[in-house]
Amino acid sequence: MKRRDALRSLALLTGGLVLVPSCDFSKEDILSAYQKLQITPSLSELLAQIADTIIPSGKIKGAKDLSVQDFILVMVNDCVDEEGQKSFMAGIQGFEAFSESSAGKAFSKLEVSQRESLLQTGLALEDEKQKHIKDFLSMAKRFTIQGFMLSEYIQTEVKPYSLIPGEYKDVLIADLKPERIHG
């Protein structure tokens, strides 16, 4: 009996050792929800921080609280042409280097005022070499505002949706007084 247990354990151990080299834990996984984009969890978090800088939380929830970064990625993946997607990916992948060169720190380590200043600098870029940063930031800004305003939270709690615009008031035409236009 002990020999069978030993052989079974040896077989399991050997099978496990065969699988270990095929497991690569060194690189980040690509999020599969966005087929046309090569988005990693760290890039998604960076986009969330950028969206939160554009619309921060205060009295109402901010863009990061509403997961607007997912809306941005879906819109870029589904609604932007291939050239726009390439420009977006080049911009998001080069944004940390832009932050390091412009502000001296990674974007996540900057204070709120520095983040706002960096985004304004990026949106005002005129250099052709850094055009992808400007394109990325303008696309992120546009989709952040759109995703925030169309979110369920804004449409139900902040600005409640009404099927009929305004209340219905029963008014008789005879009770209306004509407007005096000429004095």
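Biologist: Which side chain does glutamate 82 meet in a salt bridge?

Modeller: This is a predicted model. Side chains of opposite charge can pair when their charged atoms come close. Here the partner of glutamate 82 is lysine 86, at 3.7 Å from N to O.

Biologist: Where do glutamate 82 and lysine 86 lie?

Modeller: An α-helix has 3.6 residues a turn, so residues three or four places apart point the same way. Both glutamate 82 and lysine 86 belong to helix α4, and they are four residues apart, about one turn of the helix. Glutamate 82 is exposed, at 54% relative accessible area, while lysine 86 is partly exposed, at 48%.

Biologist: How many salt bridges does a search of the whole structure find?

Modeller: The search finds four. One of them joins lysine 64 to glutamate 45, with 2.9 Å from N to O. Lysine 64 is in the loop between α2 and α3 and glutamate 45 is in helix α2, so this pair ties together parts that are 19 residues apart in sequence. Lysine 64 has a relative accessible area of 33% and glutamate 45 one of 35%, so each counts as partly exposed. Another bridge links the side chains of glutamate 126 and lysine 134, at 3.6 Å from N to O. Glutamate 126 is exposed, at 65%, and lysine 134 is partly exposed, at 26%.

Biologist: The loop that holds lysine 64 raises a point about backbone angles. Which residue has a positive phi although it is not a glycine?

Modeller: Serine 67, with a phi of about 55 degrees. Serine 67 sits in the loop between α2 and α3. Its relative accessibility is 32%, so serine 67 counts as partly exposed.

Biologist: Now the interior. Which residues of the largest nonpolar core touch the most other members?

Modeller: In soluble globular proteins, nonpolar side chains tend to be buried together. The largest nonpolar core here has 34 residues, and Phe88, Phe95 and Phe136 touch the most other members. At least two residues of this core come from each of α2 (41–54), α3 (68–79), α4 (82–103), α5 (112–123), α6 (131–149) and α7. The most come from α6, which gives seven.

Biologist: What is phenylalanine 88 in contact with, leaving aside its neighbours within four places in sequence?

Modeller: The contacts of phenylalanine 88 are Leu47, Ile72, Leu73, Val76, Phe136 and Met139.

Biologist: Ile72, Leu73 and Val76 are on that list. Which residues of α3 are buried?

Modeller: Val68, Gln69, Ile72, Leu73, Met75, Val76 and Asn77. These buried residues pack against α2, α4 and α6. As for its span, α3 has 12 residues and reaches 16 Å from its first C-alpha to its last, close to the 16 Å expected at 1.5 Å a residue.

Biologist: Is threonine 144 buried or exposed?

Modeller: Threonine 144 is buried, at 0% relative accessible area. This residue is in helix α6. Apart from neighbours within four places in sequence, threonine 144 is in contact with Ala51, Ile54, Ile55, Ala63, Val68 and Ile72.

Biologist: And on the surface, which residues make a nonpolar patch of about 340 Å²?

Modeller: Val171, Ile173 and Leu176 make that patch. Leucine 176 is in the segment after α7 (152–158). Its relative accessible area is 56%, so leucine 176 counts as exposed.

Definitions and conventions:
Residues are numbered from 1 along each chain as its sequence is written. This is a predicted model: local features need pLDDT of at least 70, side-chain atom pairs count only at pLDDT 80 or more; totals for chains, interfaces and linings use all residues. Side-chain values use heavy atoms; hydrogens and water are left out. Patches are made of residues with over 30% relative accessible area and no salt bridge: like charges are joined within 9 Å, nonpolar side chains (Val, Leu, Ile, Met, Phe, Trp, Tyr) within 5 Å. Accessible areas come from the Shrake-Rupley method with a 1.4 Å probe; for residues, only the protein chains shown count as cover. Buried means under 20% relative accessible area, exposed over 50%, partly exposed in between (1.4 Å probe, protein chains only). A nonpolar core is a set of buried Ala, Val, Leu, Ile, Met, Phe, Trp, Tyr and Cys residues joined through side-chain atoms within 4.5 Å. Contact means heavy atoms within 4.5 Å. The expected span of a helix is 1.5 Å times one less than its number of residues.
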